[in-house]
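Reader: I would like a close look at a single part of this model, namely the salt bridges and the places where their side chains sit. Please take them one after another, and set them against the chain as a whole.

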Amino acid sequence: MQQLLHSEAGKPVAENGAQQANVHAVLVAHFFGRFFDKEALSPQGDPGASMAQLLGILAAPSAFFVLLFRPFGMTGWSLVTLRHMFVSLSMLVLGFLLVFEWDALFPDRRDYQILTPLPLKQSQMFTAKLMAIALLMAIFLVDVNLFGTLLWPGIESRGGLVDNWARHIFVVGTAGLFMALAVAILRGLLVVLFSGWLLRRLSVILQTLLMSLFVMLLVVTPFIGMSTRQLVNSRPWVLYCLPSVWFTALYEWLSPATGHLEFRAMGSVALVALGVVMLLFAITYLPAYRLQVRRVVEAPEPSPGGPGIAWRALDRLLNRFVLTSAVERAVFHFISETIARSAKHRLFLAMYGGLGAALAFFHFTMGRNGRLQLPLVLSFILVSGLRAAFNFPSELSANWLFQMTDAQIAKPCLRATRKWICLCAMVPMFTAFSVMEFFYFPWQQAVYHLAFGLTLSLVMMEVLFLSYRKVPFTCSFYPGKVNLVGLMALYVLGFTTYSEWMARLEVWMYGSVLATSTFYGAVATVLVLLGIWRRALLKETTRVNFEDVDESSIHTLGLVIR
């Protein structure tokens, strides 16, 4: 960098111009590389390989959809539904990308510690950062739509080949650009309107909510596409609230498939919205950039503030009456602090939250039976999501602190983990559920339903953490060990069979003292047996596992050479 920035006096103007262009290219490459300068979910993972795998995964769905629906001869509203899937795919991928790179949209302290001593202009850094963001967006936008665009004439053959490609590229490209700029505007507005601890707090909250929202939309998108015809005839105002429908209508405006004039006219909303977000981005990004620069250069490094009076009082109560040993207190509070401060774990759990929100939407549309199943489904997502998140290390090199203490003993660590799940996850979730329960059901049935769901959640937690031998966030993790087929089968079973049959069991038991007593007696027996089983397992393995086994490593045949 310094060699490129070094200039000698008396150089020709053309040579200086070439050198400036080279400096600009280096800056763009630097900022672009910072987008991937993040801890992977597995510290043992190769970021380059992970990015190549991600790009490969994102390139597959568009081609799959075209090849899947091509034999059906998509026309009319079925073609509109398929267009909506492609439009939504572009929007959601760009939305996910900008939310994941939330903090990298502006230069951070490390950027300025490296670049400020160099003879660089602020305008150079600004344009380089902007071009790096544009390059990142272009790569993902091309990747997610490349094969689908090439194969699209097999779905829609009206007009020439080039015309079909041009229309498809224009619509999916503008849709992705709209979503990316909308997320960037939200980030810029936070920087412009807030500062200090409030900015950091609101930024974390908004990033987490956006990640959950995009996951929810990813699940709900097919339902929206299939309901477009019904909504445009009965509730058109709903479609005006959905940006993905605007750009689907823009596609209809460019290439009519249904002849519905009102739906076609909605395409103008997409163009107006795109112009608005481009204007807002131009208005907000530069002021936000300058404010961020000033704050990074002038403000000291923020230090995490201590808990408030209420939290300290709650901690004292927990430490005195719930967490009975020093190891339990250490593990319990370590889990809380890691989730509060680790962006990757927070976003991972936000994805599970978005999935839960989507399922909540579907279950609400199912009426009373769906509302009975909802707590069971969401508690399943909650416990399994925490089980998965606990496997990803936070700062692997720091687990020596636990290895040097009594935290190597598995029993108190597992006990603290289960207590955290109960107090910090299950209790808040069912407390939030109680509002809905008492609103939709009589109070006797609401209490019965909450107790039933909480009891099953405890059993599920005991089963999923039966063989868990780790301090959460401290053990190495190799993603290749996960059996994705088995995991998917488990989730399908949990979302369907488990919730449906348990809801039926609850309805059958309600009002019967004998059936209810039998059920809770059986649950108590199962919990006792699981406790005995867990203690037997702990006798065999009393130590905490801090290093996972890489099954891809070299295995010996066990042969002895004499």
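**Salt bridges and their surroundings**

Author: In this predicted model, arginine 83 counts as buried because its relative accessibility is 1%. Its salt-bridge partner is glutamate 252, with the closest N and O atoms 3.5 Å apart. Arginine 83 belongs to helix H4 (residues 76–100) and glutamate 252 to helix H11 (residues 243–254), so the pair ties together parts that are 169 residues apart in sequence. Glutamate 252 also counts as buried, since its relative accessibility is 0%. The pair does not stand alone, for Arg83, Glu156 and Glu252 are linked in a network of salt bridges. In general terms, side chains of opposite charge can pair when their charged atoms come close.

A second salt bridge joins the side chains of aspartate 103 and arginine 187, at 3.7 Å from N to O. Aspartate 103 is in the loop between H4 and helix H5 (109–115), while arginine 187 is in helix H7 (residues 161–193), so this pair ties together parts that are 84 residues apart in sequence. Aspartate 103, with a relative accessible area of 44%, is partly exposed, whereas arginine 187, with a relative accessible area of 7%, is buried.

A third pair lies within one helix: glutamate 337 and arginine 341 are both in helix H15 (residues 326–341), four residues apart, which is about one turn of the helix. The closest N and O atoms of the salt bridge between glutamate 337 and arginine 341 are 3.1 Å apart. Glutamate 337 counts as partly exposed because its relative accessibility is 40%, and arginine 341 is exposed, with a relative accessible area of 55%.

These pairs are among the nine salt bridges that a search of the whole structure finds. As for the setting, the secondary structure of the chain comes to 22 helices and zero strands, and 44% of its 562 residues count as buried. Among contacts between residues at least 6 apart in sequence, 83% join residues at least 24 apart.

Aspartate 143 offers an example of a contact site: this residue of helix H6 (residues 122–151) touches Leu55, Leu58 and Ala59, leaving aside residues up to four places away in sequence. Aspartate 143 and leucine 55 are 88 residues apart in sequence, yet their C-alpha atoms are 6.6 Å apart in space. With a relative accessibility of 16%, aspartate 143 counts as buried.

Technical notes: Residues numbered from 1 in each chain as written. Predicted model: local features only at pLDDT ≥ 70, side-chain atom pairs only at ≥ 80, totals over all residues. Heavy atoms only, no water. Helix = DSSP H or I, 4+ residues; strand = E, 2+ residues; numbered from the N terminus. Buried < 20%, exposed > 50% of the residue type's maximum accessible area, 1.4 Å probe, protein only. Contact = heavy atoms within 4.5 Å. Salt bridge = Lys/Arg side-chain N within 4 Å of Asp/Glu carboxyl O.
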